[in-house]
Amino acid sequence: MIFWKGSARPCTSNLFAEFERKAHELYQQGEPLTAEVLNRLYRELNDLYYEGAVNNPLQDVEWARIPHFYTAFYVYQYATGFCSAVAIANRILETGDASDYLKFLATGGSMYPIDELKIAGVDLTSPETVGSALQVFQESLDELKSVLETLD
């Protein structure tokens, strides 16, 4: 996996999410979403996310073969799912109590997801929720780096 500018920002999922967001913004601004426009946008993001890499021009059209883009905001579910899982796990580990999580599961999708998650103690509108998940991800990367260094 390649990371953007040395941070713990995984490229592929974030690139997809940013591509989707920017494509929707173009549409909202009245820009026709032609293959040329989407190719250019995808190229710009590949150049940004994979700075220094050689991008084959055929890569510009990759967006067209990714089924995630045909379901609005699909790729955001990866990020929200990871952030939610980290918040739920941290809360259970800190308190030793999983009852709120069980209440959340019992809703069975009967409510708007962001409201259901609040039952489990997760506030996806809070930057701290995302920051906590990124911290766990960074710690995992640091651990991987440490292990890889011992192999050299």
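Residues are called buried under 20% relative accessible area, exposed over 50%, and partly exposed in between. By that scale K22, at 29% relative accessibility, counts as partly exposed. The model described here is predicted. This briefing covers its second largest pocket, a nonpolar surface patch and several of its nine salt bridges.

**The second largest pocket**

- The second largest pocket holds about 210 Å³ of space.
- Its lining is formed by F19, E20, A23, H24, Y27, L33, L38, W63, F69 and Y70.
- Helix α1, which spans residues 11-28, supplies five residues, the largest share of this lining.
- By character, the lining residues comprise eight nonpolar, one polar and one charged.

**The nonpolar surface patch**

- L144, V147, L148 and L151 together make a nonpolar surface patch of about 380 Å².
- One of these residues, L148, is placed in helix α6, which covers residues 127-151.
- L148 has a relative accessible area of 43% and is therefore partly exposed, since this value lies between the 20% and 50% limits.

**Salt bridges in helix α1**

- Side chains of opposite charge can pair when their charged atoms come close.
- E18 and R21 form a salt bridge through their side chains, with an N to O distance of 3.7 Å.
- Both E18 and R21 belong to helix α1, where they stand three residues apart, about one turn of the helix.
- E18 also meets K22 in a salt bridge, at 3.8 Å from N to O.
- K22 and E18 are four residues apart in helix α1, again about one turn of the helix.
- The partners differ in their burial: E18 is buried because its relative accessible area is 13%, whereas R21 counts as partly exposed at 33% relative accessibility.

**A salt bridge in helix α2, and the network**

- In helix α2, which runs over residues 35-49, E44 and R40 are four residues apart and so are separated by about one helical turn.
- The side chains of E44 and R40 meet in a salt bridge of 3.9 Å, N to O.
- E44 is partly exposed at 45% relative accessibility, and R40 is likewise partly exposed at 46%.
- Elsewhere, salt bridges that share partners join E18, R21, K22 and E25 into one network.

Technical notes
Residues are numbered from 1 along each chain as its sequence is written. This is a predicted model: local features need pLDDT of at least 70, side-chain atom pairs count only at pLDDT 80 or more; totals for chains, interfaces and linings use all residues. Side-chain values use heavy atoms; hydrogens and water are left out. On a 1 Å grid over the protein atoms alone, a cavity is a set of points where a 1.4 Å probe fits but cannot get out, and a pocket is an open set with protein on both sides within 12 Å along at least five of seven lines; lining residues have an atom within 4 Å of a point. Grid points are joined across faces, edges and corners, and a volume is the space filled by probe spheres set on the points. Helices (H or I, at least four residues) and strands (E, at least two) are DSSP runs, numbered from the N terminus. Ala, Val, Leu, Ile, Met, Phe, Trp, Tyr, Cys and Pro count as nonpolar, Asp, Glu, Lys and Arg as charged, and the others, Gly among them, as polar. Patches are made of residues with over 30% relative accessible area and no salt bridge: like charges are joined within 9 Å, nonpolar side chains (Val, Leu, Ile, Met, Phe, Trp, Tyr) within 5 Å. Accessible areas come from the Shrake-Rupley method with a 1.4 Å probe; for residues, only the protein chains shown count as cover. A salt bridge is a side-chain nitrogen of Lys or Arg within 4 Å of a carboxyl oxygen of Asp or Glu. Buried means under 20% relative accessible area, exposed over 50%, partly exposed in between (1.4 Å probe, protein chains only).
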